[in-house]
Amino acid sequence: MPEKTDTDEQLLELLASEFTFERGFGLLVAAYKQRLYWHIRRIVLTHEDADDALQNTFVKVYKGIAHFEGKSRLYTWLYRIATNEALNLVQQRSKHHAGSLEENDAIAVLKADPWFEGDETRLMLLSAIAGLPEKQRLVFNLRYYDEMPYEEMSVMLGTSVGALKASFHHAVRKIEQSIRVG
Amino acid sequence: MNKKINQELEELSPLLRQLSGQGDGLEVPYGYFENFDDKLRQRMTERGVRRHALQQIHVPVKRRVWPGVLAAAASLALVLGAVRYFKTDSDTTQFAANDLTSEEITAFLMENAADFEPEQLATLEDGPNENKIPVTSPNETTSPGKDEIPAEAVEEIIDEMTDEELAELL
């Protein structure tokens, strides 16, 4: 996972001035759009929803960057906004659980998405991930797809490394079981 | 995939480790990321999005706070130094001098003769301990006769002074 500290500082310098704000915001979008998109997409599953949530995320960043306190890394702050946007969308679609889809719902959603081109195994994998409790799903995605070290994740999610490992292990076992049964 | 994570997955679920390198089937339309910025600007314009004032933006600690901390520390050191300097001049010397022997005071006077008026050098205290000399302020009144330096002491001081030092004093 690349460290963004120097880039973040440069971005924040640009965003701190009226004269360079727009340029700084453009660079921020360019720097983080893909990473945030994939984070959102793995929560909401469809491209259309991911695109919507990503745009809303950057609108909120644009409006609220003045409130960024610099206590965490910029990506952590962006990640939280993006996560909230994604979970709000999922919640609107979820009938039973706040913040997560039922596996069957997830399968239906993925099958309807023209931008899903995976086979049956991928369909089972993504729907199993979608069926996890919110925290386990976030931890699994950060570890499995973003390859984030537990230490960094601990800072980002405000959870101990031990608890994160336990979450990841539970998530892996549940997903494997779900794929094998399905 | 990261070696550590690969190993962790291998232990937990060889199936998931195997699937990890093969993509998840999620795709994006061609040119989506290239066109995203324009699409975002369009949405912001349509919604009339306005940002908050910029005064509150916090740039990371490394760049902005340290110079402030250093400036504060330097100011504090300057103030403490000044307090110590003035305190030393006005109070401390006077009290500490009571504990000095005449040899020590003579040596001090020799080194700093230019800083004293001749009449200041000509004061000594009578008392049980004749080796101790009180340091009085230039404006302090003294009883005639009581604070006069014995002739021997003056001679001793003068003997030890160089011609240049004497000329400077006179």
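This passage describes the contact between chains A and B, helix α1 of chain B, and a few residues of chain A in a predicted model.

We may begin with the interface. The contact draws on 44 residues from chain B and 62 residues from chain A. The size of an interface is often expressed as the accessible area lost when the parts come together. For chain B and chain A, about 5,100 Å² is buried between them, and carbon and sulfur atoms account for 60% of it. Polar terms are present as well: 22 residue pairs in polar contact are found across the interface of chain B and chain A, with both residues at pLDDT 80 or more. The side of chain B that touches chain A receives at least two residues from each of α1, α2, α3 (32-47) and α4 (61-97) of chain B. Helix α3(B) gives the largest share of that side, with 10 residues. Sorted by class, the side of chain B that touches chain A has 22 nonpolar, 9 polar and 13 charged residues.

Charged pairs also cross the boundary, with 6 salt bridges found across the interface of chain B and chain A. One of these pairs B:Asp37 with A:Lys33, whose closest N and O atoms are 2.7 Å apart.

Helix α1 of chain B (residues 3-12) offers a closer view of the packing. Its buried residues are B:Ile5, B:Glu8, B:Leu9 and B:Leu12. These residues lie on the same side of α1(B), because they cover an arc of only 95 degrees around the axis. What do the buried residues of α1(B) pack against? Their partners in chain A are α7 (134-144), α8 (150-157) and α9 (161-181), joined by α2 (14-20) of chain B. On the face of α1(B) turned away from the buried side sit the exposed residues B:Lys3 and B:Glu11. At the start of α1(B), a side-chain oxygen of B:Asn2 comes within 2.7 Å of the backbone nitrogen of B:Lys4.

Turning to chain A, helix α6 (residues 120-130) contains A:Leu123, and A:Ser127 lies in α6 too. A:Leu123 counts as buried because its relative accessibility is 3%. Beyond its neighbours within four places in sequence, A:Leu123 is in contact with A:Ile107, A:Leu110, A:Lys111 and A:Phe116. The C-alpha atoms of A:Leu123 and A:Leu110 are separated by 7.3 Å, with the two residues 13 apart along the chain.

A:Ser127, at 0% relative accessibility, counts as buried. Where does its polar side chain find partners? The side chain of A:Ser127 reaches the backbone oxygen of A:Leu123 at 2.9 Å, and a polar atom of this side chain lies 3.1 Å from the backbone oxygen of A:Met124. With neighbours within four places in sequence set aside, A:Ser127 is in contact with A:Glu103, A:Ala106, A:Ile107 and A:Leu110.

Two loop residues of chain A deserve a look at their backbone angles. A:Leu45, in the loop between α2 (21-44) and α3 (47-64) of chain A, has a positive phi of about 80 degrees although it is not a glycine. With 0% relative accessibility, A:Leu45 counts as buried. A:Glu147, in the loop between α7 and α8 of chain A, is likewise not a glycine yet has a positive phi of about 55 degrees. A:Glu147 counts as partly exposed, at 26% relative accessibility.

Definitions and conventions:
Residues numbered from 1 in each chain as written. Chains lettered and ligands numbered in written order. Predicted model: local features only at pLDDT ≥ 70, side-chain atom pairs only at ≥ 80, totals over all residues. Heavy atoms only, no water. Buried < 20%, exposed > 50% of the residue type's maximum accessible area, 1.4 Å probe, protein only. Helix = DSSP H or I, 4+ residues; strand = E, 2+ residues; numbered from the N terminus. Arc of directions from axis to C-beta. Contact = heavy atoms within 4.5 Å. Polar contact = N/O pair within 3.5 Å; in protein donor to acceptor, adjacent residues only side chain to side chain. Buried area = accessible area lost by both parts, 1.4 Å probe. Salt bridge = Lys/Arg side-chain N within 4 Å of Asp/Glu carboxyl O. Nonpolar A, V, L, I, M, F, W, Y, C, P; charged D, E, K, R; others polar.
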